[in-house]
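Hi,

Here is the structure I promised to pass on. Have a look at it first, and then read my notes underneath.

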Amino acid sequence: MFKFSVITTVFLAACAHGQQEPQQPSSPQPQVRLNYLNVCTPSAEEQAQIKSAFVKAQAKPAFSRDFEVSRGRATLKDAPDSRFVRYRRDMAPESALLAAQYSMSTDEDSTVETLVLRTRDPKEFHELSFEDRVSAGAASPLSLLAVDTPVSRIRLERLGKNSIVLARCEGGDQSAYEPLFRQASEIMAQYRKALELGSTLRSDIIWLAGSAKPAVTDRQANKTPK
């Protein structure tokens, strides 16, 4: 009994001592903010923003002499390896646009074309992008350069504001947005032609499809077989 009483007394003393200590103010929890994009049915105001951006994009492209072509391989976790080709053309100083970048990427599932237009004055928007996607077995990357695949996704990036996205959504009525998709496809076709992709990127697109062959040197071509 004595042992039990001592332990109890010590325990109560410890509790009393703990109550006398001032409590430290708890640190405020960080706030988490989630932004949801309505990509299937954007509002009337968002549609007006997209239409306004199309006005700048529809002007006849005026390129400068500066350009860049790059290609490579991308490996992502839990995703098939992909190859990509990018072609960037800077715009002339008098253009409202700063640069146009076309890219094509392909993996075992699909081939994706993307056109990104960046503005010189980002007050209204920073960049406008168009995207179309086809299954890998539907068409080869090289054949896509000869056709105008319809755009299936439009994205408008704005500085300090949420992005605006319009994408094809299965199972919903998007008839009200068909004019925007049609206009976007026309702009995409305009830039495919202006960038002369069929000639400029032909060898890179062949490499993209994995069918590129090693170049034959003059020595190999003139070598007589024994």
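Below is what I found, starting with the cores and ending with the salt bridges.

Some housekeeping before that: this is a predicted model, so local features need pLDDT of at least 70 and side-chain atom pairs count only at pLDDT 80 or more, while totals for chains, interfaces and linings use all residues. Residues are numbered from 1 along each chain as its sequence is written, and side-chain values use heavy atoms, with hydrogens and water left out.

**The cores**

The largest nonpolar core has 24 residues, and those touching the most other members are Phe54, Leu117, Leu128, Phe130, Ile154 and Tyr191. By nonpolar core I mean a set of buried Ala, Val, Leu, Ile, Met, Phe, Trp, Tyr and Cys residues joined through side-chain atoms within 4.5 Å. Buried is under 20% relative accessible area, exposed is over 50%, and partly exposed lies in between (1.4 Å probe, protein chains only). Two or more residues come from each of helix H2 (44-57), strands S3 (97-106), S4 (110-119), S5 (127-135) and S6 (153-157), plus S7 and H4. Helices (H or I, at least four residues) and strands (E, at least two) are DSSP runs, numbered from the N terminus. H4 gives the most to this core, with 6 residues.

Phe130 is a good place to click. Not counting residues up to four places away in sequence, its contacts (heavy atoms within 4.5 Å) include Phe54, Leu117, Ile154, Ala184, Ile187 and Met188.

There is also a second, separate core of 13 residues, with Val85, Tyr87, Leu197 and Leu208 among them. Leu208 sits in helix H6 and is buried at 3% relative accessibility. Beyond its neighbours within four places in sequence, Leu208 contacts Arg83, Phe84, Val85, Met104, Thr106 and Pro141. Its C-alpha is 7.6 Å from that of Ser105, although the two are 103 residues apart along the chain.

**Helix H2**

H2 runs for 14 residues and spans 20 Å from first C-alpha to last, close to the 20 Å expected at 1.5 Å a residue (the expected span is 1.5 Å times one less than the number of residues). Its buried residues are Gln47, Ile50, Ala53, Phe54 and Ala57. Viewed down the axis, they fall within an arc of 120°, so they line one face of the helix; the arc is that of the directions from the helix axis to the C-beta atoms. That buried set packs against S3, S4, S5, S6, S7 and H4. Ala44, Glu45 and Val55 are exposed on the other side of H2.

**Salt bridges**

I count 10 salt bridges in the structure, each a side-chain nitrogen of Lys or Arg within 4 Å of a carboxyl oxygen of Asp or Glu. One of them pairs Asp204 with Arg71 at 3.3 Å, N to O. This pair links distant parts of the chain, with Asp204 in H6 (residues 202-208) and Arg71 in strand S1 (residues 63-74), 133 residues apart. Asp204 is buried at 12% relative accessibility, whereas Arg71 is partly exposed at 43%.

Arg168 and Glu178 form another, with their closest N and O atoms 2.5 Å apart. Arg168 lies in the loop between S7 (164-167) and H4 (178-194), and Glu178 is in H4. Both ends are partly exposed: Arg168 at 41% and Glu178 at 29%. Elsewhere, salt bridges that share partners join Glu113, Asp132, Asp148 and Arg192 into one network.

Cheers
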